[in-house]
Amino acid sequence: MTRHVHAVDADDAPGALSSLTVAAPAHVAEDVLVEVGLADRMAPFDSPIGQLWVAWNGRGVSEVDLADDGPAAVIRHQAQCGRRTTLAAALPDHLADAIVRRLAGERRVRIPLDLRDRTEFEVAVWTKALEIPRGEVRPYGWIAAEIGRPKAVRAVGTALGHNPVPLIVPCHRVVRTDGTIGQYSLGGPGNKRTILAAEGLDPDALEDAARRGERLAGSTTTRIVCWPTCRHARRTQDRYRISFRSLGDAAGAGYRPCKVCRPTAIETEA
Amino acid sequence: MDDTQLAERLARDLDGTFEALVHAHVDRCHAIALRVLGNSQDAEEVAQDALVRAYRALGGWPPERIRELRLRGWLATIVVNLCRNRVRRHVPLTTPLAPLVEGGSGPAADASTDPAGLIVLAERRDRLGALLAALPERYRIPVVLRHVADLSYAELSSVLGRPEGTLKAQVHRGLAMLRVAAAGTGLEELIA
């Protein structure tokens with residue numbers, strides 16, 4: 001008996017079951033493009049300084065913007081990144097949860113960021129800013145020194161001003177080398193004060209102390225010198241606390257720099 | 001733009017061309033997944049996952065390799081493999097045990113204009129899809145690739161790694177089983 005393997009004509013005609021072809025729902029194509037990072041979504045997010053709009057794709061968060069109006073934020077974001085962006089009702093749960101926890105001070109929460117097309121220098125500055133704990137501040141010059149570009153203080157300021165993801169990358173925790181609070185990209189210096197205050201700092205007191213020349217804080221018991229907002233400086237009791245104008249003064253008095261906040265000799269701002 | 005041109009452009013500019021690939025192939029990827037798995041939510045996830053994997057794979061390949069790709073067959077391979085993983089992981093899909101012969105859905109007069117007719121057609125299509133989903137995988141996947149996704153036997157052979165003769169026999173057998181299952185249900189005419 002020979003086995004009949006040649007299909008009859010009807011079988012061979014493609015599309016015998018073509019009625020079973022249904023178009024994929026429109027969201028499938030869009031979801032693919034967002035997931036691979038060729039399109040973005042944007043959704044509102046509440047913060048201490050008002051309604052934020054957060055843009056993201058499968059690679060991570062690509063922008064945080066302050067705006068009352070979602071469609072306007074979308075248009076700005078599209079123009080800036082060149083990717084089609086659509087409004088969404090809310091952030092994906094895992095992302096919203098991670099941002100809330102990060103803003104509450106949990107530094108270990110991983111928030112992926114989409115920083116394509118940014119310079120190596122900018123990414124280095126932002127990555128360094130991520131190390132500053134909630135409730136503490138560092139001067140621009142500290143970041144410049146830490147990333148090995150001690151003279152690039154101004155460039156650090158510019159890079160922080162271009163931070164696409166403020167609050168997540170806490171550029172609000174970077175202040176001027178003279179101790180004043182300085183500029184802020186997310187709606188101006190007033191917001192910077194509000195955010196720092198929400199994190200438990202007193203911006204006015206910080207500026208007053210800086211004006212009195214108190215740039216660094218030491219402990220007479222440990223003979224260690226810190227940035228004034230370093231957690232080790234803040235737990236020093238007032239009677240053991242001593243202020244210095246510069247790291248040179250502190251070193252001259254026999255104080256060594258804290259290994260946690262790493263105070264640096266700071267190039268004066270141009 | 002046909003697949004050869006698409007592959008050529010992907011090789012030169014992946015990010016600028018990938019959206020065109022998605023729009024050209026998402027329906028076919030989805031149709032394969034839907035008819036192999038018989039479940040629309042799983043099918044959407046598989047179609048999305050397949051295209052995302054395609055993008056990531058292309059990103060790591062040299063242009064000459066992308067240029068030589070036969071996109072239709074390659075994407076079908078990814079979809080079929082993801083479907084198989086899913087079937088392996090999950091409990092087998094729901095088999096259509098609801099009575100297939102029942103009154104009510106009489107012959108639709110003119111399905112293209114009459115909304116009720118469209119609904120009847122959609123409902124008949126779902127029942128036929130359920131019959132197809134109940135075929136053994138060995139026959140179901142070749143039937144879907146050949147008759148839903150319109151792939152050639154040469155493409156089937158590269159996707160499934162079986163000789164064309166074997167596949168022709170499996171498609172033939174699959175359709176025959178489908179006709180037996182559909183007998184008396186009023187669905188026969190959909191298996192043209």
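1. At roughly what angle do the axes of α2(A) and α2(B) cross? Roughly 130°, with the two axes coming within 10 Å. An angle like that falls neither under 35 degrees nor over 145, and it is outside 65 to 115 too, so α2(A) counts as oblique to α2(B). The crossing of this pair is right-handed. Before going on, bear in mind that this is a predicted model.

2. Now for who meets whom at that crossing. From α2(A) come A:V28, A:A29, A:V32 and A:L33. Across from them, α2(B) brings B:E19, B:V22, B:H23, B:V26 and B:H30. Sorted by class, the residues of this contact are six nonpolar, two polar and one charged. For the spacing along a helix, a general point helps: an α-helix has 3.6 residues a turn, so residues three or four places apart point the same way.

3. Stepping back to the two chains as a whole, 23 residues of chain A are in contact with 33 residues of chain B. On the chain A side, α1 (9-12) and α2 each supply at least two residues. The top contributor there is α2(A), which gives six. By class, the side of chain A that touches chain B holds 17 nonpolar residues, along with three polar and three charged ones.

4. It's worth a look at α2 of chain A, residues 26-35, in its own right. Its buried residues are A:V28, A:A29, A:D31, A:V32, A:L33 and A:V34. What do they pack against? Within chain A, the partners are β1 (39-47) and β2 (50-57); in chain B, they are α2 (14-37) and α3 (40-59). So the buried residues of this helix have partners in both chains. After the helix comes A:G37, with a positive phi near 85°.

5. Elsewhere in chain A, have a look at the open sheet of four strands. Its order is β9-β7-β8-β10, and the pairing is mixed. Which strands sit at the edges? Those are β9 (241-244) and β10 (256-257), each of which pairs on one side only.

6. Let's zoom in on one pair from that sheet. As general background, strands of a sheet pair through backbone hydrogen bonds, either parallel or antiparallel. Strand β7 (residues 216-219) and strand β8 (residues 224-226) of chain A take the antiparallel sense, over three bridges. To find your place in the pair, start at A:S219, which stands opposite A:I224 in β8(A).

Notes. Residues numbered from 1 in each chain as written. Chains lettered and ligands numbered in written order. Predicted model: local features only at pLDDT ≥ 70, side-chain atom pairs only at ≥ 80, totals over all residues. Pairing = 2+ DSSP bridges. Buried ≥ 20, exposed ≤ 12 C-beta atoms within 10 Å, placed from the backbone. Contact = placed C-beta atoms within 7 Å. Nonpolar A, V, L, I, M, F, W, Y, C, P; charged D, E, K, R; others polar. Axes fitted to C-alpha atoms, helices over the stretch in contact; angles between N-to-C directions. Left-handed = near helix turned anticlockwise from the far one by under 90°.
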